[in-house]
Amino acid sequence: MYMTSTLDIAKEVAKHLIARGWTLALAESCTGGLVCAALTDLPGSSDWFERGYITYSNQAKTECLGVPTETIESFGAVSEQVAKAMSEGAQKNAGVNVAVSITGIAGPAGGSIEKPVGTVCFGWTITKENLVAITICKTMQFSGDRQAVREQARDYALSELIELLK
C-alpha cells in the first residue's frame, strides 16, 4: 500500500494496533523523537502509544534500554545488533506488544567507509499471541541532508511496521 504522507502512515499503524488491542513503544537515536511525534500527532494515540525513549548517547542506550556495553563496543552503536537490543529493551521495559528501534548516522559528519552517512539500522520486536517475541532487523541507506535522512528513517520504520502487522 502506497502512503502519501507521514500522517497517513501513522494512521495506518494506529489502525492495526487498535484492531489488536496492542500497545507500542519506540527507541529512537538518530531520529531524535520524530517517530514519537508523528504517532502522537494523532488524537487518541494514548490508547495505543505507551512511550518513547530517545537514547541518543551510548550511555543512554545502556542505561535506559539495557543495551550491553559489549554489544556497542563490538558492533558500534549503528548496527543491527544494537538496534535489536534497543527494540527488545524498549519492549521489555515498557511492557508493550510492539517496539521499534532506530539507530543511524544522519550526518553531515560521523560516517565511515563501512558505515557512510545515511546508514540507519532498525529493529521491530513483536510479541505474538503465543507470547513469543520475534525481532526483525534491517539496515537501510538513505540519501540527502540530515533532515532528509531522519525523515526517511521515520517513514521507513513505520511503513515496515505496517507490513509486519498485516
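**Exercise 1. Determine whether Lys-138 is buried, partly exposed or exposed, and which side chain it meets in a salt bridge.**

*Solution.* Begin with the accessibility: Lys-138 has a relative accessible area of 31% and is partly exposed (buried means under 20% relative accessible area, exposed over 50%, partly exposed in between, with a 1.4 Å probe and protein chains only). Before going on, note that this is a predicted model, in which local features need pLDDT of at least 70 and side-chain atom pairs count only at pLDDT 80 or more, while totals for chains, interfaces and linings use all residues. Residues are numbered from 1 along each chain as its sequence is written, and side-chain values use heavy atoms, with hydrogens and water left out.

Next, look for the partner. The side chain of Lys-138 meets that of Glu-160 in a salt bridge, 2.7 Å from N to O (a salt bridge is a side-chain nitrogen of Lys or Arg within 4 Å of a carboxyl oxygen of Asp or Glu). This pair links distant parts of the chain, with Lys-138 in strand 5 and Glu-160 in helix 6 (residues 146–165), 22 residues apart. Helices (H or I, at least four residues) and strands (E, at least two) are DSSP runs, numbered from the N terminus. Finally, check the other end: Glu-160 is buried, at 18% relative accessible area.

**Exercise 2. Find how many salt bridges the whole structure holds, and describe the ones made by Asp-155 and Glu-163.**

*Solution.* The search finds six. Take Asp-155 to start: its salt bridge is with Arg-154, and the closest N and O atoms are 2.8 Å apart. Asp-155 is partly exposed, with a relative accessible area of 21%, whereas Arg-154 counts as buried at 13%. Then turn to Glu-163, which forms a salt bridge with Lys-166, the closest N and O atoms being 3.3 Å apart. Glu-163 is partly exposed, with a relative accessible area of 43%.

**Exercise 3. Work out the strand order of the open sheet and which strands stand at its edges.**

*Solution.* Step one is the order: five strands form the open sheet as 2-1-3-4-5, with mixed pairing (two strands pair if DSSP finds at least two bridges between them). Step two is the edges. Strand 2 (49–54) and strand 5 (133–141) each have a single partner strand, so one side of each is left without a neighbour in the sheet.

Step three is to walk along the pairs around strand 4. Strand 3 (residues 98–104) and strand 4 (residues 119–127) run antiparallel and are joined by seven bridges; Ala-99 has Thr-125 as its bridge partner, and Thr-103 has Cys-121. Strand 4 and strand 5 are also antiparallel, joined by nine bridges, with Gly-123 opposite Cys-137 in strand 5.

**Exercise 4. Sort the residues of strand 4 by the way they point, and say whether they are buried or exposed.**

*Solution.* A general rule helps here: in a regular strand the side chains alternate between the two faces of the sheet. Thr-119, Cys-121, Gly-123, Thr-125 and Thr-127 point one way, Val-120, Phe-122, Trp-124 and Ile-126 point the other way, and all are buried. Since nine of the nine residues of strand 4 are buried, it is largely enclosed by the rest of the structure.

**Exercise 5. Identify the buried residues of helix 3 and what covers them.**

*Solution.* In helix 3 (residues 58–65), the buried residues are Ala-60, Lys-61 and Leu-65. They cover an arc of only 105° around the axis, which puts them on the same side of helix 3; the arc is that of the directions from the helix axis to the C-beta atoms. Gln-59 and Glu-63, on the other side, are exposed.

Now for the cover, which includes strand 1 (24–28), strand 2, helix 4 (69–75), helix 5 (80–94) and strand 3 (contact means heavy atoms within 4.5 Å). Helix 5 deserves a second look: helix 3 packs against it at an angle of about 35°, with their axes 9 Å apart. Axes are lines fitted to C-alpha atoms, for helices over the stretch in contact, and angles run from 0 to 180 degrees between N-to-C directions. On the helix 3 side, the contact is made by Lys-61, Cys-64 and Leu-65; the helix 5 residues include Val-82, Ala-85 and Met-86.
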